Amino acid sequence: MSYAGWILLTASLVGLSCGFIGALLILRRMAMMADAISHTVLLGIVVAYLVTRELSGVHMLLGAIAAGLLTSVLVQWFHSRGVQQEASIGVVFTSLFAIGVVLIATKVGNAHLDVKHTLMGEITFIPWEKIELPWLGAIPEAVFILSLVLIVVVAVILAFYKEWKITSFDPALAASLGIPVVLMHYVFMSLVSVTTVAAFDAVGAIMVVAMLITPAAAAYLWTDRLAVMLGLSGLFGVVSAIAGYYVAVWLDTSISGSMAFATGIVFMISFLGSPKHGIVAKFIRPAVPSA
Amino acid sequence: MIGLSHNAQWVLLSTLILGTAAGIMGCLAYWKRQSLMSDALSHAALPGVVGGFALMGFKNLPVMIAGAAVSALIGALLIHWIRSSSRVKEDAAMGIILSVFFGLGIMMLTFVNRMAGASQSGLDSFIFGQAASMVRKDVLMMIVLASIVLLVAGIAFKEWKLFLFDPAFAKGLGMSTRWMGAIYMGALVLVIVVGIQAVGVILMAALLIIPAVSARYWTQSFKWMVVLSALFGGGAGMIGTLISTYGKGWPTGPFIVIAAACLFVVSLAFGARKGLVVLAVQQYAQRKKLRRTTFVQQSALERGS
């Protein structure tokens, strides 16, 4: 495949997996948790690197899952000790992120792992870091990892679709039916961390937040059905990834920044023009009875 | 402080005042339950910083701060608009504005870096903060702006308290909650944009959140919480800046945040109100008392039988 083709494929994979996870994030009102995890994943990656001294996919994934779980456990713990939920998210992620940055600045500081790279990603290098696989031939490592993550995400969502639905919309009912709500919460947090770290290498920490939250919020304005919302959210993710890439090439600017901006445009269009909950629709037919 | 150069002493003073102002505004934000709003606003300031730079063609702090304030305020308005006129919740709205504005800022940063060549040095330092890159003029401006915030918070302290804890009563007394809200938002944005150069857009929120949360562990009174939070913020600002001067090119922001986090851990453990140690001691005393009474009761029973 061509160079641009690999980049587009990478970006689309990011858009798809983030879109699916994001839809559940929005419904569970945990958008800012995603922001927090996308920052603390940095600490996980740095610690994994300091322990193993190599930047391989598996170690980074494990480090990221650990960091993500640590974040959600700490947030939960402080919250149970009387700190507001919002404030405890703020305390945890900024502190862990600062430790990560300081470790990079003082201990690591080399070409493989620097702060700017982790914030903005380097999608332009993706097509060159290839690995050999049986049957498939040489494909970029990031594409391989992202496909794996996408398969896991889709499998977990589909396998427990009913359970996700009920724990997202009515956790109290779910608990009374005997569904392990807490366990599902931590499984979900692990999924968020895995998706974040897989997308991290390609698009950087801030872009991950954009990809997780914005397409899903846009999809939320179009439909009331979970299945449709999941599909739309993934579609919006892919569309903004591809549009962002072409805009970046056209203007010769940062690809990840431009993709984040493209998700914003998609959201703005939905916000203004969606037939159900859009601003324009509200102006055109203000007198429609709601029931 | 003695071994430091003249410039470094100025920088230290500015981060001290910045931390104090941030600690006070952080308390207001904490009780308005808007801790993460400061995070969203500080990220949203990046396009303004870069835009201000692009406008002037060189690093001119007043213009960049003005740009940052404008784009942070636009972000705040958009968050408010999205939340109030669609069914997207506030946290999602903050996440959207935060990431999209930051993405835009990065796009513009790439442009400007190419356009300006060598003279752009110092623009990257707005992401993680580089207090050492400040010159005396910048420091003076920071001090003036931060003092304005201190003044605003200090003069109307009673009104702020009312505004935070009983807005309905405040309205009944004839105070305009709308104006109070606008002034609060203005002061919050001011603290954020002033702090950006020293702490950076990504971690500025920490200086607003952590001191307030730490102070909460020591007292129930709002007044003392504000005082303590100001002290913690100022202390963290100074300590962090001092440490970051020991390494060449070390970013200031993360060190300030880690200093604040250490203060938080100390408060969490030893805080007089809900600190872990205090709680453990209380629990131990309770348990002992309980055991003694049951022992007394038991022996009384045995004697009785």
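This report walks through the predicted model, with chain B at the centre and chain A as its partner.

**Chain B as a whole**

Let us start with the overall frame. Chain B holds 14 helices and zero strands, so reading its elements from the N terminus on gives α-α-α-α-α-α-α-α-α-α-α-α-α-α under the usual helix and strand runs. Along the principal axes, its C-alpha atoms fill a box of roughly 95 × 55 × 35 Å. Of the 305 residues in chain B, 50% are buried. If you look at contacts in chain B between residues at least 6 apart in sequence, 73% of them join residues at least 24 apart.

The chain is divided into domain 1, covering 6–274, and domain 2, covering 276–305. Taken over C-alpha atoms, the centres of these two domains of chain B are separated by 50 Å. Their contact takes six residues from domain 1 of chain B and four residues from domain 2 of chain B. On the domain 1 side, the touching residues are four nonpolar, one polar and one charged.

**Where chain A meets chain B**

The contact between the chains takes 46 residues from chain A and 43 residues from chain B. On the chain A side, helix H2 (31–52), helix H4 (85–108), helix H5 (115–120), H9 and helix H11 (255–273) each supply at least two residues. The largest share there, 13 residues, comes from H4(A). By class, the side of chain A that touches chain B has 28 nonpolar, 14 polar and four charged residues.

**The largest nonpolar core**

The largest nonpolar core has 200 residues, and those touching the most other members are Ile213(A), Met25(B), Ala45(B), Ile97(B), Val191(B), Val193(B) and Ala260(B). Helix H9 of chain A, residues 181–220, gives this core its largest share, 25 residues.

Ala45(B) is a good one to click on. Leaving aside neighbours within four places in sequence, Ala45(B) is in contact with Ala68(B), Ser71(B), Ala72(B), Ile192(B), Val193(B), Ile196(B) and Val201(B).

**Two covered helices**

How many of the residues of helix H2 of chain B are buried? The count is 10 of the 10 residues, 35–44, so H2(B) is largely enclosed by the rest of the structure. Among the buried residues of H2(B) are Ser38(B), Asp39(B), Ser42(B) and His43(B).

Helix H3 of chain B, residues 46–56, is mostly covered, with eight of its 11 residues buried. Those buried residues are Leu46(B), Pro47(B), Gly48(B), Val49(B), Val50(B), Gly51(B), Gly52(B) and Phe53(B). Just after H3(B), Gly57(B) takes a positive phi of about 85°.

**A helix pair in detail**

Helix H1 (residues 6–31) and helix H12 (residues 222–244) of chain B pack at an angle of about 145°, with their axes 7 Å apart. The crossing of H1(B) and H12(B) is right-handed. From H1(B), the contact includes Thr15(B), Gly19(B), Gly23(B) and Cys27(B), while from H12(B) it includes Ser229(B), Gly233(B), Ala236(B) and Met238(B). By class, the contact of H1(B) with H12(B) has 14 nonpolar, 10 polar and no charged residues.

**Two residues side by side**

To finish, here are Ala205(B) and Leu162(B). Ala205(B) lies in helix H11 of chain B, residues 204–216, and Leu162(B) has its place in helix H8 of chain B, residues 157–165.

| C-alpha pair | Separation along the chain | C-alpha distance |
|---|---|---|
| Leu162(B) and Leu173(B) | 11 residues | 9.9 Å |
| Ala205(B) and Gly234(B) | 29 residues | 15 Å |

Is Ala205(B) buried or exposed? Ala205(B) is buried, because 29 other C-beta atoms lie within 10 Å and the cut-off for buried is 20 or more. Leu162(B) has 18 C-beta neighbours inside 10 Å and therefore counts as partly exposed.

Their contacts complete the picture. Not counting residues up to four places away in sequence, Ala205(B) touches Gly90(A) and Thr94(A) as well as Ser38(B), Asp39(B) and Ser42(B). With the same kind of exclusion, up to four places away in sequence, Leu162(B) touches Phe169(B), Ala170(B) and Met175(B).

Key
Residues are numbered from 1 along each chain as its sequence is written. Chains are lettered from A and ligands numbered from 1 in the order in which they are written. This is a predicted model: local features need pLDDT of at least 70, side-chain atom pairs count only at pLDDT 80 or more; totals for chains, interfaces and linings use all residues. Domain bounds come from an automatic or database domain assignment. Two residues are in contact if their C-beta atoms, placed from the backbone, lie within 7 Å. Ala, Val, Leu, Ile, Met, Phe, Trp, Tyr, Cys and Pro count as nonpolar, Asp, Glu, Lys and Arg as charged, and the others, Gly among them, as polar. A nonpolar core is a set of buried Ala, Val, Leu, Ile, Met, Phe, Trp, Tyr and Cys residues joined through C-beta atoms within 7 Å. A residue is buried if 20 or more other C-beta atoms lie within 10 Å of its own, exposed if 12 or fewer, and partly exposed in between; C-beta atoms are placed from the backbone. Helices (H or I, at least four residues) and strands (E, at least two) are DSSP runs, numbered from the N terminus. Axes are lines fitted to C-alpha atoms, for helices over the stretch in contact, and angles run from 0 to 180 degrees between N-to-C directions. A crossing is left-handed if the near helix is turned anticlockwise from the far one by less than a right angle, and right-handed if clockwise.
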